Amino acid sequence: MPHFELGESIPPDTAHAVSVSLPTWKSNIGYEEGEQWVVGRMTTGYPRFFVHRSIAAFAKDIISRHRRPGQQAMLVPTPKVARRCFDFIRQRVSPELERQLAVIDFALDISKDLSALLRKLSPTISAVVFPEEVFPIAKQYWQHTGDGISSRRAEFCHDLFKDHLLAPATGTPAAQETPGRPFRGPKRYQRPGSVDISPATPRTSSPKEPEESLESSQFLEERFGRNLNLSMVERAKSAIRRRIAGALAHEVDLNNGPLPSLASNTRGIQGLAEADVYLYPCGMNAIFNAHRALLKAREPRKSINFGFPYVDTLKILQKFGPGCLFYGHASPGDMDDLEAKLKNGERFLALFCEFPGNPLLTCPDLARLRRLADEFDFAIVVDETIGTFANINVLQFADIVVSSLTKIFSGDSNVMGGSAILNPESKYYKALKAAMGEDYEDTYWPEDVIFMERNSRDFESRVVRINANSEAICDVLRTHPLVKRVYYPKYNPSRSHYDACRLPNGGYGGLLSVVFDRKEQAQAFYDCMDIAKGPSLGTNFTLCSPYVVLAHYLELPWAAQFGVDPDLVRVSVGLEETTELQDTFRRALKAAEDVSIS
């Protein structure tokens, strides 16, 4: 098993890693408390919670060039997104601070000598500028919505900005440029169609350059030759959409021939088309935009969050729109209470739920929810990230299905992505398609698309192995006397709800949670685990975290009232050899035993 130092990226030496090593229980507390011995060593973090260094450096250069001392910038991909972010901040600050807010939109300076590739790509960036004391509010928008730029987009556009190829667009606030060297333009754009160095030119780098920076450039060159063929990026998006629809499960040559038809798919919806699958830069952005589309397509009303949610889903429903009715247990009693409210005349926009939920892995009764939705006119949005469409089919019960592609669909923990599927059999389908047609922006950065398509080719075979490994670990944990409870869909009371959606060859997923009799046992177990430990899930390697500490540190009593133990340890199971993995867990359990004896 590899050893990960505190603050090291997970995977190591990966420029765009989406997790970071927090190897002890104490380091997780230190991270939440903002203690320098932890945060000072963090090279990266989960992208919606930690602004990647390449993004922070780009924002700093924008502030410096446009002479705005005492201010910071939040970088988003388009002017429309920037206006949403601006409005979110404006509504939450004083009039004095509001007057100091600004947006600067950047686009290619087409008066320059640009390659055909660059003109076709036409990258944009918008900076929402605000006083430094407003950063916590801007960070809320960044975290909740997933609307921020990706680190790969930041690196690419920062190069353009440095060389004065990306400039304030017409209509944005005038800004004085910092005097600098004469314009030359980066070498990679000086020849028409050139992406980077010529394949004949040796690639050199400093010893400290992360391996993925090399991998990214080399991969793009090898795959597209010297030209980044943007039509291939569109084919990669098409392959991802078809894979999500359940019509493309194996590796396919994007260079030759048509992609497989959607006529047959694991979703069980005959009319499902590729155009019904929408891609987003991360999973939370898919949820955010599903909510926005529903507000646009229907009369705005409160929504329902059914089941203990991933933190930002609830925040979206509470902060963006008319509000939210929250059922934290998703129990039969909660269902009865909801039905009583509906029969008493209360009406809602939509019900959002996870299948299974995070971190208790419970599953709501989707069939009963569907009957209530049909009778009382509300939409159902299901987040299938944890169950994954290789194991379950929830589209039959949903109007919209959302997922974080960052997780098991990618597996490599080096790229973000999200998706939303509109069910063509939904009564709201036409209205939702119209809303998406007016409002959808494809902000998924091409380089991220390339990595996601490549990573996801063996998705289904990985899920099969991870399912088996998860059950093997459950076998070790469930028979140990110190273990108070193991949460896993196969062993939860709500298993029948999961089985109602489980595919014929589907398993029970790669996520489980364990609770011990005492806090000290949980801490010893966690600290002894010789695996990667940090945020995120669905990685090809086993990844562990004291999830409740990380997700709900400032609201532990609130989470506890819904049965979420503050000392719960969440395990995302990987592809390691099964017996080796079981032995790793047995050693960690022995450490918990030693604490009990002492």
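Tutor: Two strands pair if DSSP finds at least two bridges between them; strands (E, at least two residues) and helices (H or I, at least four) are DSSP runs, numbered from the N terminus. This is a predicted model, where local features need pLDDT of at least 70, side-chain atom pairs count only at pLDDT 80 or more, and totals for chains, interfaces and linings use all residues. Residues are numbered from 1 along each chain as its sequence is written, and side-chain values use heavy atoms, with hydrogens and water left out.

Student: Let's start with the sheet. Which residue in β6 stands opposite A107?

Tutor: Look at the pairing of β4 with β6, which run antiparallel and are joined by three bridges. In β6, the residue opposite A107 is A167.

Student: And on the other partner, which residue of β5 is the bridge partner of D105?

Tutor: β4 (residues 102-108) and β5 (residues 125-131) are antiparallel too, with five bridges between them. F106 faces I125 of β5. For D105, the bridge partner in β5 is S126.

Student: In what order do the four strands of the open sheet lie?

Tutor: The sheet is open and its pairing is antiparallel. Reading across it, the four strands come in the order β3-β5-β4-β6.

Student: Why do β3 and β6 each have one side without a neighbour in the sheet?

Tutor: Start again from the open order β3-β5-β4-β6. Since β3 (71-76) and β6 (166-168) are at the edges, one side of each is left without a neighbour in the sheet, because each has a single partner strand.

Student: What is the average twist from one strand to the next?

Tutor: Stay with that open, antiparallel sheet. Axes here are lines fitted to C-alpha atoms (for helices, over the stretch in contact), with angles from 0 to 180 degrees between N-to-C directions. From one strand to the next, the twist averages 30°.

Student: What angle does α3 make with the direction of β3?

Tutor: Helix α3 packs on the sheet and touches β3, β4, β5 and β6, where contact means heavy atoms within 4.5 Å. The angle between the directions of α3 and β3 is about 125°.

Student: How many of the seven residues of β4 are buried?

Tutor: Buried means under 20% relative accessible area, exposed over 50%, and partly exposed in between (1.4 Å probe, protein chains only). β4 is mostly covered. Of its seven residues, the number buried is six.

Student: Now for single residues: is H52 buried or exposed?

Tutor: H52 sits in the loop between α2 (36-39) and α3 (53-65). Leaving out residues up to four places away in sequence, H52 touches A15, H16, T44 and S151. Its relative accessible area is 15%, so H52 counts as buried.

Student: What distance in space separates F135 and I89, C-alpha to C-alpha?

Tutor: F135 belongs to helix α7 (residues 135-145), and at 27% relative accessibility it counts as partly exposed. Not counting residues up to four places away in sequence, F135 touches Q72, M74 and F130. As for I89, it is 46 residues from F135 in sequence, while the C-alpha distance is 9.4 Å.

Student: Let's turn to the backbone. What is omega near for the cis peptide bond from F355 to P356?

Tutor: P356 is found in the loop between β10 (350-354) and α14 (366-376). The cis bond leading from F355 into P356 has omega near -10°.

Student: And what is omega near for the cis bond from N358 to P359?

Tutor: P359 also has its place in the loop between β10 and α14. For the cis bond that runs from N358 to P359, omega is near 15°.

Student: What is the positive phi of S122?

Tutor: S122 lies in the loop between α6 (116-121) and β5. With a relative accessibility of 40%, S122 counts as partly exposed. Although S122 is not a glycine, its phi is positive, at about 45°.

Student: Last one: is S413 buried or exposed?

Tutor: The loop between β12 (400-404) and β13 (418-422) holds S413. S413 has a positive phi near 60° in a residue other than glycine. Its relative accessibility is 1%, so S413 counts as buried.
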